[in-house]
Amino acid sequence: MEKRVTFKGIWLPILLVAPQIIITAIFFFYPAGQAIWQSLYIPDPFGLSMQWVGLGNFEYLAGDPYYRTSFITTAIFSILVTVVSMGVALYLAVLADRLIKGSGAYRTLLIWPYAVAPAVAGVLWLFMFNTRVGVVAWYLGVLGYDWNHVLNEGEAMGLVVVASAWGRISYNFLFFLAGLQAIPKSVIEAAAIDGARFWTRFRTIVWPLLSPTTFFLMVVNIIYAFFETFGVIHTITSGGPQQATTILVYKVFADGFVGQDLGSSAAQSVVLLVLVSILTVVQFKFVERRVHY
Amino acid sequence: MAQQNGMVEKRGAGLWLTHLGLIIGVAFIFFPIWLAFVASTVEQQQIARPPMPLLPGDKLFENYARALSAGVNAPVAQMLGNSLVMALGIALGKIAISLLSAFAIVYFRFPGRKLFFWLIFLTLMLPVEVRIVPTYEVIANFGMLNSYQGLILPLIASATATFLFRQFFMTVPDELAEAARVDGAGPMRFFFDILLPMSRTNIAALFVILFIYGWNQYLWPLLITTDPDMNTIVMGIKQMFPSGDDTADWPVIMATSILAMIPPVLVVVGMQKLFIRGLVESEK
Amino acid sequence: MATVTLKNLRKSFGKTEVIHGVDIDIQDGEFIVIVGPSGCGKSTLLRMVAGLETVTSGEVGIDGRVVNDVEPMERDIAMVFQNYALYPHMSVFDNMAYGLKIGKTPKSEIETRVAQAAKMLQLEPYLARKPRELSGGQRQRVAMGRAIVRKPAVFLFDEPLSNLDAKLRVQMRLEIKALQRELGVTSLYVTHDQVEAMTLADRMIVMNGGVADQIGAPLDVYADPQTAFVAGFIGSPPTNFIEPALIGQTGAAQIGIRPEHMQITQSGQVEGSVAYAEALGAETLVHLRLAQGQMITVRQDASHPIPQEGDTVALEWAAQSLMRFDQAGKRLAD
């Protein structure tokens, strides 16, 4: 797609793109290049020089059981976050879509969590489940369940999943509601005349027609779970216990800044880079398709 | 939508069940926020001896005043200011550079235009988290640790907004640019007099999204602001927890959490229409 | 006010030449209509005069000055676009005043000129409105007002009426003509509608495939088309084209004769059967099938009897109303 009309001049447009070019070059391309370059070296023990190791860092990662565990943790975490937050959002969107009046009021209330930073969401949930003062943890204790996410790996994972999913419900809700409202009501009425009850209508008509939205949200939520949940994990578990909640992004941070293992951290960055590129391509492929109709 | 609902519309018991379902949902969504609010209005002792009350206490002003003026490491008012500068800087900075470069790639033909286009396309793929270590080094080398530039610049180095504006500019009829040329408007005059006013809604929608994006940043300020005076509020909360959590000052921490939420919530709820539009557009 | 001169004007997009050399001298105050089917290059020609397209070769002269490399605003022209191109965020007043503001015209002068134009175009009640609050006809008037306030040497119109409904089109056509008479500004007007061309033009340029097939006063073009294309394009219903052999002619590739130049009679030069007759009230269009299956349209006055479908009738015409064309479509001398 090109404009028929253009203005003359060469220096003016170059001047116009210059700010973005300069900022992108310094703060994007240079660091991204550095990450790739560093992933091929290891620093000597004194940090004075770098030694070329080729793909050594990657081979090391492939053989590192901690890294493999982190991969699996990330997969489980992402799937759970996506399923939980999309499930709740779909449930709420279907209900809101059934209302004629008042769905706007619910929408206003339900978009709040979008504005809450993941790190703040982490603090809120940590507060509820805090082993000493947490209200929910306390009531669970009354019911005879001894909650302790500081020690229990499963509980820690559950907590970061719920806190991460919570913050994402608004976003999914808005897209699901828009998707539901885009389904022509006549189609649903026709099914109702054919005698399909609510659940049948949902299963056979609404859900298939909603599938583009669902697929789009799946990809976007997985990307979210990969990268934007750092704040949740850092505030609630700091990757523990026993690295049970150390997802890949957290490990880049932990190895690079806490562990000062730059070569490995850079190699991990490159792996993430490849993963996110794949996800982005999938997303774009899909978006292309969506644009066409 | 409303007027077309017709026979699938729920009446009587079904309608109430729908409302009930939604109310339960809203309650679930709001419970953590409510609890934080309650905690920010009571005394430390009431929290330290669980279960804490579920209705607000009378220490609201006291707790918030304490948080704003003293905080734990730095006064929360200071951190709020830092967050505001960062969020505004990212939102306005990104909108400004994106408008200019989108204008250039849509309305001019210049050498390197295609290359530039693909370069910024690449930036769509990489969140800051992926290139975090080298970006940190760049900022450190520039001496930008603990500075607003350091907080802002790396986060505007991405092209989402450029794409959005390019998309919008492509839909502006060619005849408008021609009419402006016949009227004697040069490119920049056209940009400021016609293109910019026509982009108002898009700019506002994008502003909402970017403001929240900037406000809610966590990892980046955590890395580069070692000086408590430069902390942003979102990252500052975690810094308020002492190493052993039994002495955590919960009322102040929760008051801070509420304060951290208020600006973005106001923006989202107050500009709801623009926000939803911005959200849907930016994902297209 | 000014003359406009086009000298061997050519335009290529890449390797494809779309305008193959157009020449015309336009007098001061003349109303020129450029007419032709879509894709004939008429808009490109206009846009070259406007300065919105570059000139590949040849010359565009305005008031004796070659303006090939002059920016649109410095050509002293004003243009009315097909979709009006009103600035959506500006009021009617600001839309009209924008060019003057850029030209640093004093404020009082701007107000006077906009007020004058608004009065002329009956836009006075709408000056504070935004374009989206106006009807199609009103938007059209604003677009014209924007052109008028500039007091340009030349008006350029790019299919300005094609977005209006039929009734409004007729009304605006008359208004444009009256306005141009009143202001006396040299005008170039592009349209694909031959009725607009016939009614508006002092002279018209009939474009076909990037070539000006004929330039002349509307009635001259109608009476004496220089090519088969012009004969077919100008006039409604269009000219009939007949195999010369069918009517005993030789020395031409095809023969053209206008529907209004034939009469249905008892015995004539050629016979045909009536396929159908369209009675339009004042006139009747009779569609005939000739022996070889060729269709021909005859236009007759309502005073003539309407033939029945299936009737066999004869046709006759005056010899001088035949138009003879060669293989390439060029008119042959009679």
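In chain C, an open sheet of 5 strands follows the order E13-E17-E14-E15-E16 with antiparallel pairing, where strands (E, at least two residues) are DSSP runs, as are helices (H or I, at least four residues), and are numbered from the N terminus, and where two strands pair if DSSP finds at least two bridges between them. Strand E13 (262-265) and strand E16 (295-301) of chain C stand at the edges with a single partner strand each, so that one side of each is left without a neighbour in the sheet. Direction ignored, neighbouring strands of this sheet are turned by 45 degrees against each other on average, the axes being lines fitted to C-alpha atoms (for helices over the stretch in contact) and angles running from 0 to 180 degrees between N-to-C directions. Strand E15 (residues 283-290) of chain C runs antiparallel to E16(C) and is joined to it by 7 bridges, with C:Val298 in E16(C) as the bridge partner of C:Val286.

The model is predicted: local features need pLDDT of at least 70 and side-chain atom pairs count only at pLDDT 80 or more, whereas totals for chains, interfaces and linings use all residues. Residues are numbered from 1 along each chain as its sequence is written, while chains are lettered from A and ligands numbered from 1 in the order in which they are written.

Elsewhere in chain C, strand E4 (residues 57-62) is joined by 5 bridges to strand E1 (residues 4-13), in the antiparallel sense, and C:Leu6 stands opposite C:Val60 in E4(C). E4(C) also pairs antiparallel with strand E5 (residues 65-66) of chain C over 2 bridges, and in their hairpin, with 2 residues between the strands, C:Asp63 takes a positive phi near 55 degrees.
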